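Visitor: I am new to this structure, and I would like to understand how each description of it is justified. Could you take me through the reasoning step by step?

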Amino acid sequence: MTQQEALDILKMGQNVFLTGSPGSGKTFLLNQYIDYLQKHQKAVAVTASTGIAATHMNGVTIHSWSGLGIKETINDQEIRSLMTRKYLSRRIKATKVLIIDEVSMLKASQFDAIDKICRYFKVSFLPFGGMQVVLSGDFFQLPPIERNGREVNFINDSSVWQDMDVKVCYLDEQHRQKDKNLSVLLNHIRDNNVDDSREILAGIQMGECDQDAITTKLYTHNIDVDAMNDHELSKITENEVAYEMTSSGPKDIVAALKKSCLSPGHLVLKKGARVMFIKNNFESGYVNGTQGTVVDFDVIGMPVIETVSGKRISAKRASWTIMNEEGSVVAEINQIPLRLAWAITVHKSQGMNLDAAQIDLSRCFIEGMGYVALSRLSTLGGLHLLGINDMALYVNEKALMMDKEFKQLSSQVAGFLQTLAPAKIKKEQERFLG
């Protein structure tokens, strides 16, 4: 399905699951739809399953928005307690469209719990109280964390999924990977074709990436990332310049915002430090994942970054906010939108676009980890593989089966859309707005 077809379906008010491979334009399309809804004064809640994904969308976590918090299930007594919170009542009752990004990391039980909360607050037996629900994600990404070896239950295993009449929109265009070989590799992994995947990687494993290029190392464990960044910064003999994060708002909300933001509270930089922008700012010429080196500090002490492409950018402070349904800022943190980028974890790389990366997949411990890491790149020429184990090339078996089903369902939806006259589509879209 094309982006335009999916957008037409969204505008008709259908419950939608937006999926497709990394780089197919899911986030871009969501932002288009959010702008459309806001332009037409349709109240929309922008959420995601993780704090990192939420900051990419300028939204909040679905756990925070719904009041579910860290719980996986909820009972009637707990919901009655939630209903005493006036801000929560105003928020949910006002919302007409609920967007949840990165749903691959949301458990079926949590999805059912959020549905139950919405029905109570909306005083409705309809799924999610009658709101349009827009879900986005790729089940080949890292799955929900399950303990004690229990089977992973994705949101389509939930009770409410069958009642929602979800229209699957599988985007098949590619906007990130400009390298055919990389697209072939990722498709091999998605098809569970391990032998062909290993053969492609064997051809570049000895280091075909330009060693003069600025590359980020992706590791599977936090301890390796922290050690690498501290070690590399300590080798630079230039003076340190430190930047402290500032914040405002309720302590618990600020704490959640800090946790979801990739920027450290105490950021230490030096000339020569490798860094990565962690926020989109198209006007200033960088996006989340743009890499570079600190080459100077300007007259007011802000770091000057030379990107991989040779562009110089004077980094200014940026803010991350949580807003209420009226559009007022509830909590805010402020920091230079940079982090040291000799190394980051595979988990925190989700949603980023990397020009080049050195990736260590030798300690992958969960299916999908290698796929997430490799799909951050735009070309195989930017890859230097430091190590790999067998787990790195495997994806979740349930995700494989679901992917085939999602493609079939999406084809059916696209076929139905093509049978509708443009006037009929427009009428349905106007009816939804009205």
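Guide: Let us begin with helix 1, where Gln3, Glu5, Ala6, Leu7, Asp8, Ile9, Leu10 and Lys11 are buried; please keep in mind that this is a predicted model.

Visitor: What makes helix 1 mostly covered?

Guide: Helix 1 spans residues 3–11, and 8 of its 9 residues are buried, a word that is kept for residues under 20% relative accessible area. The cover comes from packing, since the buried residues of helix 1 lie against strand 1, helix 2 (26–39), strand 5, strand 6, helix 13 and helix 14 (422–433). Just after helix 1 comes Gly13, with a positive phi of about 85°.

Visitor: Which residues of helix 8 are buried, and what covers them?

Guide: In helix 8, which runs over residues 180–190, the buried residues are Leu182, Leu185, Leu186, His188, Ile189 and Arg190. Their cover includes strand 1 (16–20), strand 6 (167–171), helix 9 (194–202), helix 12 (369–374) and helix 13 (397–419). Helix 8 is followed by Asn192, and the phi of Asn192 is positive, near 65°.

Visitor: Why is Ser136 called buried?

Guide: The relative accessibility of Ser136 is 0%, and buried means under 20%, so Ser136 counts as buried. Ser136 belongs to strand 5 (residues 132–136), and, leaving aside residues up to four places away in sequence, Ser136 touches Phe17, Leu18, Lys26, Leu30, Ile100, Asp101, Glu102 and Val103.

Visitor: Why is Val299 called exposed?

Guide: Val299 has a relative accessibility of 86%, and exposed means over 50%, so Val299 counts as exposed. Val299 is placed in the loop between strand 12 (291–297) and strand 13 (303–307). From Val299 to Ile62 the C-alpha to C-alpha distance is 41 Å, and the two are 237 residues apart in sequence.

Visitor: How do you know whether Asp165 is buried, exposed or partly exposed?

Guide: The relative accessibility of Asp165 is 47%, and since buried means under 20% and exposed means over 50%, with partly exposed in between, Asp165 counts as partly exposed. Asp165 lies in the loop between strand 5 and strand 6, and although Asp165 is not a glycine, its phi is positive, about 50°.

Visitor: What can be said of Val123, its phi and its exposure?

Guide: Val123 is not a glycine, yet it has a positive phi of about 50°. Most residues other than glycine have a negative phi. Val123 lies in the loop between helix 7 (108–122) and strand 5, and with 72% relative accessibility, set against the cut-off of over 50%, Val123 counts as exposed.

Visitor: How many disulfides does the structure hold, and are Cys169 and Cys364 buried or exposed?

Guide: The structure holds 0 disulfides. Cys169 has a relative accessible area of 0% and Cys364 has 7% relative accessibility, and buried means under 20%, so Cys169 is buried and Cys364 counts as buried.

Visitor: What is the secondary structure of the protein chain, and why is the chain called as compact as a globular protein of its length?

Guide: The protein chain comes to 14 helices and 20 strands. Its radius of gyration is 22 Å, close to the 22 Å given by the globule rule for 434 residues, so the chain is as compact as a globular protein of that length. Buried residues make up 54% of the 434 residues.

Notes. Residues numbered from 1 in each chain as written. Predicted model: local features only at pLDDT ≥ 70, side-chain atom pairs only at ≥ 80, totals over all residues. Heavy atoms only, no water. Helix = DSSP H or I, 4+ residues; strand = E, 2+ residues; numbered from the N terminus. Rg over C-alpha atoms; globule rule 2.2 N^0.38 Å. Buried < 20%, exposed > 50% of the residue type's maximum accessible area, 1.4 Å probe, protein only. Disulfide = S-S within 2.5 Å. Contact = heavy atoms within 4.5 Å.
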